[in-house]
Amino acid sequence: MKKIDVVLGLQWGDEGKGKIVDSISPAYDVVARFQGGPNAGHSLQFDGEGFVMHTVPSGIFRDKTLNIIGNGVVVDPAILMDEVHKIEAKGVDVKSKLLISKRANLILPTHRILDAASESAMGKGKIGSTLKGIGPAYMDKTGRYGLRIGDVLLPDFRERYEAKKQRHIQMLTQYPDFTYDLAPLEGPWLAAIEELKKFTFIESERYVNDAMMNDVAILAEGAQGSLLDIDFGTYPFVTSSNTMASGVCTGLGVAPNRIGKVMGIFKAYCTRVGNGPFPTELFDETGEELRKIGHEYGATTGRSRRCGWLDMVALKQTVMMNGVTELIMMKPDVMDGFETIKVGVSYKRYGQDLDYFPYDADESIEPVLREFKGWQTPLSDIRRYEDFPQAFKDYVNYIEAETGCPVKIISVGPDRSEIVYRD
Ligand code: GDP
Ligand code: IMO
Ligand code: MG
């Protein structure tokens, strides 16, 4: 019996999960998404071309890998079909390689409108959501009003949809100043529902458990990051799902003792898109350099990402809570030219020391920074760990010592090939 391995983000998302899943998926028979939805933007790059995955798992371009959209995911059929067409244009037979859980909840066009209405009503205090309808769709799921993938095959699906839509339209009257136009969203959505029916819907929990029993190797692909987790992230500036290892259990129907490796991904620095606390954020030229060199602009929304130093307090916490067994470091190459590199090693709040990310984190938290010597050597062409400069190895050693976790993979560029594996 095989266990399921997991790749998940340890910061505020955009750590590089897509690239890593694409890179390591030849070692897996199945890649499965377990939570989130089209708020995710997972970038892949190979053969000189780039792709951004929103709902489809990042194993889709590998010939022998099946891909599953699990029950914990929320699916917008219009976005999914758009994505499928782009992948098909690259010659991939998506229909034969993608299985969708019947239990996954649907994002309705009115969920997107409710998301936008709620955000605009919050003004400056808004979450800064991706406006994909994620929050309202998960609210309907937990409120037990949701429609699920399997429902699209029911003879009265259209009536069920109309009833949900009318309920949402009623809810939108709470926002009298908010104007919206449903038709341009609804038309493509209904057309996508028809197309969706040609895909294979499965009881994914049964499929996944049978597969593990038959020694099939499965990789669970997380979306967002641990600091955006609905329970343990920087609430309320979070997403609406459990982004941590526990989400694999509920989002795929896997028992906790069936989880194998937990591969935690982090950037060698830190970014965040949207509002909310970010203790090591930089507002100076260094922050601007990280953004420019790292192309830190959202893969889903194009928004500029906030940039700052690595936050060791937060990283230790997310490594602990996810039971991370190995770390994957991304994008150190972005800091190749830096003379010095800093890391937030603890916090100060109202003059007091703090070694924990508290439940009410806000601007009152200041980081205590430790300085490291920069390596000032280009890393992108390096393929063997021993060839890295000593100053970079010192940085890796420090992270391993602090987290108690080995750094097993180091990514040194956006391309599939720009990667260093350690034994
Ligand atoms: P995800 O949401 O976790 O999959 O990450 P995103 O795709 O949103 O953001 C990661 C960005 O960094 C993408 O633009 C990737 O192409 C890029 N990227 C990934 N790994 C590396 C790396 O090691 N170095 C550099 N310079 N860019 C990388
Ligand atoms: P990937 O999978 C980075 C952020 C949004 C916002 C908050 C809530 O590419 O790492 P939502 O639309 O989920 O209600 O937005 O979460 N957010 C992400 N930030 N990467 C993501 O996904 C994100 N998905 C959501 O910016 O702050
Ligand atoms: Mg992303």
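Which polar side-chain atom lies 2.7 Å from a nitrogen atom of ligand 1? The side chain of Asp333 provides that atom. The legends below describe a predicted model, beginning with ligand 1 and its pocket and then turning to ligand 2.

**Figure 1. Polar contacts of ligand 1 in the predicted model.** The view centres on Asp333, whose polar side-chain atom is placed 2.7 Å from a nitrogen atom of ligand 1. Two backbone contacts accompany this one. An N or O atom in the backbone of Glu15 is 3.1 Å from an oxygen atom of ligand 1, and a backbone N or O atom of Val412 is 3.5 Å from an oxygen atom of ligand 1. On its own, ligand 1 exposes 580 Å², and the protein buries 91% of that area.

**Figure 2. The shell of residues around ligand 1.** Ligand 1 is surrounded by 19 residues, and the closest of these are Gly16, Lys17, Ser43, Asp333 and Ser411. By class, the shell comprises five nonpolar, seven polar and seven charged residues. Ligand 1 occupies the second largest pocket. Two elements, α1 and β3, give two or more residues to the shell around ligand 1. The greatest contribution to this shell is that of α1, with three residues.

**Figure 3. The second largest pocket, in which ligand 1 sits.** This pocket holds about 620 Å³ of space. It is lined by 27 residues, and Ser43, Gly294, His295, Lys331 and Pro414 are the closest to its centre. The elements α1 (17–24) and β3 (42–46) each give two or more residues to the lining. With four residues, β3 gives the most to the lining of this pocket, whereas α1 gives the most to the shell around ligand 1. Seven nonpolar, twelve polar and eight charged residues make up the lining of the second largest pocket.

**Figure 4. Polar contacts of ligand 2.** An N or O atom in the side chain of Asn39 lies 2.9 Å from an oxygen atom of ligand 2. The backbone of the protein also takes part. A polar backbone atom of Val273 is 3.0 Å from an oxygen atom of ligand 2, and a backbone N or O atom of Gly128 is 3.3 Å from an oxygen atom of ligand 2. Ligand 2 has 550 Å² of accessible area on its own, of which the protein covers 97%.

**Figure 5. The shell of residues around ligand 2.** There are 21 residues around ligand 2, and those that come nearest are Asp14, Lys17, His42, Thr130 and Thr239. Lys17 is also among the closest residues to ligand 1. The shell around ligand 2 consists of eight nonpolar, ten polar and three charged residues.

**Figure 6. The largest pocket, in which ligand 2 sits.** About 950 Å³ of space lies in this pocket. Its lining comprises 48 residues, with Ile127, Ser129, Val238, Thr239 and Ser240 lying nearest the centre. Thr239 also belongs to the residues that come nearest to ligand 2. Among the elements of the protein, α4 (109–122), α5 (134–142) and α6 (157–172) each supply at least two residues of the lining. The largest share, seven residues, comes from α5. By class, the lining of the largest pocket has 20 nonpolar, 19 polar and nine charged residues.

Key
Residues are numbered from 1 along each chain as its sequence is written. Chains are lettered from A and ligands numbered from 1 in the order in which they are written. This is a predicted model: local features need pLDDT of at least 70, side-chain atom pairs count only at pLDDT 80 or more; totals for chains, interfaces and linings use all residues. Side-chain values use heavy atoms; hydrogens and water are left out. A residue is near a molecule or strand if one of its heavy atoms lies within 4 Å of it. A polar contact is a pair of N or O atoms within 3.5 Å; within protein, one must be able to donate a hydrogen and the other to accept it, and residues adjacent in sequence count only if both atoms are side-chain atoms. Accessible areas come from the Shrake-Rupley method with a 1.4 Å probe; for residues, only the protein chains shown count as cover. On a 1 Å grid over the protein atoms alone, a cavity is a set of points where a 1.4 Å probe fits but cannot get out, and a pocket is an open set with protein on both sides within 12 Å along at least five of seven lines; lining residues have an atom within 4 Å of a point. A molecule sits in a cavity or pocket if more than half of its atoms lie within 2 Å of its grid points. Ala, Val, Leu, Ile, Met, Phe, Trp, Tyr, Cys and Pro count as nonpolar, Asp, Glu, Lys and Arg as charged, and the others, Gly among them, as polar. Grid points are joined across faces, edges and corners, and a volume is the space filled by probe spheres set on the points.
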